[in-house]
Amino acid sequence: MGQWVSPDAIATLLSNPKPDSLTDIPEIIVQITKLEPKGKSYGFDANDGKMKIKAIFNSRLSSEIISGNIQNLGLIRILDYTVNEIPSKSENYLIITKCEVVSPALDLEIKDEVKKEEAGIILKPKHEHEIKSEVKKETGGILLKPKQEMVAKSAAQIVHEQHRNMAPTARMAMTRRVHPLVSLNPYQGNWTIKVRVTSKGNMRTYKNARGEGCVFNVELTDEDGTQIQATMFNEAARKFYDKFQLGKVYYISKGTLRVANKQFRTVQNDYEMTLNENSEVEEASNEAAFIPETKFNFVPIDQLGPYVNSAELVDVVGVVQSVSPTMSIRRKSNNEIVPKRDITIADETKKTVVVSLWNDLATDVGQELLEIADKSPVVAIKSLKVGDFQGVSLSTLGRSIVQINPDIAESKKLRCWYDSEGKETSMASVGLGLSPSTKSGARSMYSDRVSISHITSNPSLGGDKPAFFSIRAYISFIKPDQSMWYRACKTCNKKVTGGVEGGYWCEGCQKNDPECSLRYIMVVKVSDASGEGWVSAFNLESEKIIGCSADELDKLKSEEGGSEYQMKLKKATWNPHLFRVSVAQHEYNNEKRQRVTVRAVAPVDFAAESRYLLEEISKMKGSQ
């Protein structure tokens, strides 16, 4: 049989841009031209010999292109599609979600000038030398010999018969074509999606100039693993809050999409969905459920810096180095006690980071990790908040997912690396200093580099909000007679007071403990070539400066003569350090003063410092 394109195929697509069901789609065969990668998918021009339209394949079809089944200049039969209009560009875009290959690459691009037979177009593919046409001419049209005998009933009749006596949800599945999330955009009209609720937020109230209201959101995942966040306000929130249940599958239609605010989005999608009181949500209770694939977008540990204190969540994969016991933490917001457990993970960047597991993840997954910690399991964690505790730290949220030894390529690769060389490799905390090339410079020891005099000579710095800088300086003086530490609770690290019946009372934990720990809070003088100034340092930073814990230093101070104590402080001075500092204003005796606080400290990496200085010299030369 000859190979052909359907007459007026593009016009047929444009006349029915969003078919309601697959039975509405006639046979449409087009030629692929200008095939090229577009992100994770492939774009092309669909050609029928008369017209062309910009098109893109669903990402699920990328494997067919990579394997060579779908080729440039080849022919495909379109089985499922959507044509979207893009007003900003005044053009249409064809999204192909399902197709089958009709022919490999042809010798030429099909054009009007090519030999025509009646309304059809016949070409020879590269791999065929002779083609016998089975085309019969009837009343100016073309009839093709079918692959199998047609049934007596039409497709529409069959669908109508199956449609009767069905449950509402099943009818929705039959009468409406399910769109993959990846194909949705704000310019689309009617659509139906089939998704699982993989995260459900709490109902929240708000108050603004227009009055009070309520809002909640859910994260939805389809069978391809694509995610989108859906938000509901007021009437819609009250209507759907109880209907949406975590883990259940739903058909959803009559929603709207808009471009997602990247500052607040919680999933990897360019759009976010809004459901109103007229939206339709039906549970797919009588159908075979699907389990969406958990898609990760891993960030290497040494590249976590730019995400510190941002709204964007990250995914990480790492080998567990240590697991702490469960701790009980009292929340300031509602005084509720919640369980917490810290794990330390490492990856191929030879950096480590602490991940705080909260609530059920701390008690369930955390306990499982504690029991197998000696085997150094690999964990993949989705949706983590990046904080600045210890420079860089990670924390789970209600939507976080933790997988132990997952069956994914990244996990296997990491396991091979750790077993072959990683376990013998020296690891360093990512908070000790980030690469000078860290994008956006968040918490990098080499970004916002200034001299000490720049800070001390600008008393207005930090007036509205804290300002952050990096400095390279020496510890020039530590007051030996200052109060360098405070008594702290061993559970929550908050300050304790003497108990009524002995021991130490913690207001945060509301309990009396027989023992407490000491934590640093001290002031030191730092100096560089431009001048000197006083900075405050807390426990973790002070331990790196002094070289021992506050408890150990207290023992040296209590020894007779205190010479070891004095010597320890002396050894800590005149050593170069890289500091990340915050500058803020505080009021003392009705007078505003500048307070400089050390947020991170690291030893000088002279190779990295040399590269930084060379870059600065190059910038100076370029500006001349």
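This report describes the fold, selected helices and strands, and several individual residues of one protein model.

## Basis and overall composition

The model is predicted: local features need pLDDT of at least 70, side-chain atom pairs count only at pLDDT 80 or more, and totals for chains, interfaces and linings use all residues. Residues are numbered from 1 along each chain as its sequence is written, and side-chain values use heavy atoms, with hydrogens and water left out.

The protein has 624 residues, of which 43% are buried; buried means under 20% relative accessible area, exposed means over 50%, and partly exposed lies in between, for a 1.4 Å probe and protein chains only. Its secondary structure comes to 12 helices and 33 strands. These elements are DSSP runs numbered from the N terminus, with helices being H or I over at least four residues and strands being E over at least two. Of the contacts in the protein with a separation of 6 or more, 62% are between residues 24 or more positions apart; a contact means heavy atoms within 4.5 Å.

## Confidence

The mean pLDDT of the protein is 81, and 83% of its residues reach 70 or more. This score is the predictor's confidence in each residue, from 0 to 100. Over residues 126–167 the pLDDT stays under 50, and the model has 46 contacts beyond four places in sequence for this stretch. Residues 169–175 also have pLDDT below 50, with 23 contacts in the model beyond near neighbours in sequence.

## Helices α6 and α9

Helix α6 covers residues 360–371, and its 12 residues should span 16 Å at 1.5 Å a residue; the end C-alpha atoms are 16 Å apart, which agrees. The expected span is 1.5 Å times one less than the number of residues. The buried residues of α6 include L361, A362, V365, G366 and L369. Seen down the axis, the buried residues of α6 fall within an arc of 115°, so they line one face of the helix. The arc is that of the directions from the helix axis to the C-beta atoms. On the other side of α6, D360 and E371 are exposed. The cover over the buried residues of α6 includes strands β18 (314–323), β20 (337–346), β21 (351–358), β22 (378–387) and β23 (393–404).

In helix α9 (residues 539–546), the buried residues include N539, E541, S542, I545 and I546. Their arc around the axis is only 160°, which puts them on the same side of α9. Just after α9, G547 takes a positive phi of about 95°.

## Pairing of strand β25

Strand β25 (residues 467–478) runs antiparallel to strand β32 (residues 576–588), and 8 bridges join them. Within this pairing, Y474 has P576 in β32 as its bridge partner. β25 also pairs in the antiparallel sense with strand β30 (residues 517–528), over 4 bridges. There F477 stands opposite K525 in β30. Two strands pair if DSSP finds at least two bridges between them.

## Two buried residues with polar side-chain contacts

E609 lies in helix α12 (residues 606–623) and counts as buried at 3% relative accessibility. Leaving aside neighbours within four places in sequence, E609 is in contact with Y446, R449, R472, L578 and V604. The side chains of E609 and R449 are joined by a polar contact of 3.2 Å. Such a contact is a pair of N or O atoms within 3.5 Å; within protein, one must be able to donate a hydrogen and the other to accept it, and residues adjacent in sequence count only if both atoms are side-chain atoms.

Y81 lies in strand β4 (residues 75–86) and is buried, with a relative accessible area of 0%. Beyond four places in sequence, the contacts of Y81 include L13, N16, P17, P19, I25 and R177. The side chain of Y81 reaches the backbone oxygen of N16 at 2.5 Å. Y81 and N58 are 23 residues apart in sequence and 9.5 Å apart in space, C-alpha to C-alpha.

## Residues with positive phi

Most residues other than glycine have a negative phi. The table lists two residues that are not glycine and have a positive phi.

| Residue | Phi | Location | Relative accessibility |
|---|---|---|---|
| S383 | about 65° | strand β22 | 7%, buried |
| N493 | about 70° | loop between β26 (485–488) and β27 (496–498) | 32%, partly exposed |
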